Amino acid sequence: MPYLFVYGSLRYGFELHHLLENSRFVGLAYTEGYKMYDLGSFPGVVKGDGIIYGEVYEVDENTILLLDKVEDYRGRPDDLYVREKTKVYFDNKRKYSLSDVYIYVYNQDIAGRDLIEEGDYSKYVRMPVILNYFAYAENTNEEILKQRGVKRIFRKINAIATGYRMIFNIPCRWGYCANLIEDKEGRICGYIYIMIEDELNALDKAEQHLVKYMRDVIKVVDEFGKEYYAYAYVSPDKENPKEPSKEYLNLILQGLNTGWGNRCMSTGLL
């Protein structure tokens, strides 16, 4: 099925987002070669030397046909929007991308319209930003999440990150906490939590973001092999792995058991 990049009224929290309620949210992304303008009650993008930010969804053909009507795209010169394809990136390192992603480009005069310099309409109008977060250690345990201030998760999806092994080398309240290192034969079991960015911000303090861990985007797949791009807390420190405490291991195992049962075990966990 095709992918669609949305940047304005189809994003989470806006009036047309319900048209994507049955579409799979793949992740936050950005694309280059466009500038975004404020058209009053919605934005429009045109070709330019900027970067714009938005959300990527997997959509079916019926949804595309519906959105073509909504966006007044009929293949005529005077259409309000033109549907074309672009390349999107999911991380600043450009490690993860998708090509041939649909985008609706404004097809009218933008003279006199205000440029949205940051290219992010949700932040421009102060709307919440939705994202994917991949939990693989103690945050698979929802009791821990509540203690850390996470109040709402829209959806929890069983997911696997391939190409990694779990080690324990980050000092924490339980002794040593988990980290990920590359291992082409490894796999890490966990969950995608779809949440708003403010909820992830609540975890930054507990994870000591920028001190012990960094938010990094990784690719994960669900049980059907569908790809998602999600934030994960990973430390650049890969040295001196230790033995985890039994208490810490039990927190992780309890968390994984709620969704996975005994169907998935992370490489390096036991």
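**Exercise 1. Find the handedness of the link between Cys172 and Cys177, and describe the two partners.**

Solution. Start with the twist: the angle about the S-S bond is 85°, and the link of Cys172 and Cys177 is right-handed. A word of caution as you look at it: this is a predicted model. Next, check the bond itself, where the sulfur atoms of Cys172 and Cys177 sit 2.1 Å from each other. A disulfide needs sulfur atoms within 2.5 Å, and this pair is listed as one. Now turn to the surroundings. Buried means under 20% relative accessible area, and exposed means over 50%. Cys172 has 24% relative accessibility, so Cys172 counts as partly exposed. Cys177 has 4%, so Cys177 counts as buried.

**Exercise 2. Work out which parts of the chain the pair Cys189 and Cys264 ties together.**

Solution. First, confirm the bond: the sulfur atoms of Cys189 and Cys264 are 1.9 Å apart, and the two residues form a disulfide. The angle about this S-S bond is -75°, which goes with a left-handed link. Then place each end. Cys189 belongs to strand β9, while Cys264 is in the segment after α5 (246–260), so the disulfide connects parts 75 residues apart in sequence. Finally, look at accessibility: Cys189 is buried because its relative accessibility is 0%, and Cys264 is buried as well, at 4%.

To step back, the structure holds two disulfides. With the bonded cysteines numbered in sequence order, the pairing reads 1-2, 3-4.

**Exercise 3. Locate the largest pocket and describe its lining.**

Solution. Begin with its volume, about 750 Å³. There are 32 lining residues, and the closest to the centre are Asp91, Asn92, Asp216, Val217 and Tyr231. Now ask which elements contribute. At least two lining residues come from each of β2, β3 (43–58), β9 (175–196), β10 (214–222) and β11 (227–234). Among the contributors, β10 has the largest share, with five residues. Sort the lining by character, and you get 17 nonpolar, four polar and eleven charged residues. Last, compare with the domains: domain 1 (3–125) and domain 2 (130–260) both supply lining residues, so the largest pocket lies between them.

**Exercise 4. Do the same for the second largest pocket.**

Solution. The volume here is about 470 Å³. Of its 21 lining residues, Glu21, Ser23, Phe25, Arg155 and Ile194 are the closest to the centre. Two or more residues of the lining come from each of β2 and β8 (155–172). The element that gives the most is β8, with three residues. By character, the lining divides into ten nonpolar, five polar and six charged residues. Domain 1 (3–125) and domain 2 (130–260) each provide at least three residues to this lining.

**Exercise 5. Is Phe14 buried or exposed, and which residues does Phe14 touch?**

Solution. Find Phe14 first, in the loop between β1 (3–6) and β2 (24–38). Its relative accessibility is 12%, so Phe14 counts as buried. Next, list its neighbours, leaving out residues up to four places away in sequence: Phe14 touches Gly8, Ser9, Tyr121, Ser122, Val125 and Met127. To finish, pick Leu256 and compare two distances. Phe14 and Leu256 are separated by 242 residues in sequence, and their C-alpha atoms are 34 Å apart in space.

Key
Residues are numbered from 1 along each chain as its sequence is written. This is a predicted model: local features need pLDDT of at least 70, side-chain atom pairs count only at pLDDT 80 or more; totals for chains, interfaces and linings use all residues. Side-chain values use heavy atoms; hydrogens and water are left out. Helices (H or I, at least four residues) and strands (E, at least two) are DSSP runs, numbered from the N terminus. Buried means under 20% relative accessible area, exposed over 50%, partly exposed in between (1.4 Å probe, protein chains only). Contact means heavy atoms within 4.5 Å. On a 1 Å grid over the protein atoms alone, a cavity is a set of points where a 1.4 Å probe fits but cannot get out, and a pocket is an open set with protein on both sides within 12 Å along at least five of seven lines; lining residues have an atom within 4 Å of a point. Grid points are joined across faces, edges and corners, and a volume is the space filled by probe spheres set on the points. Ala, Val, Leu, Ile, Met, Phe, Trp, Tyr, Cys and Pro count as nonpolar, Asp, Glu, Lys and Arg as charged, and the others, Gly among them, as polar. Domain bounds come from an automatic or database domain assignment.
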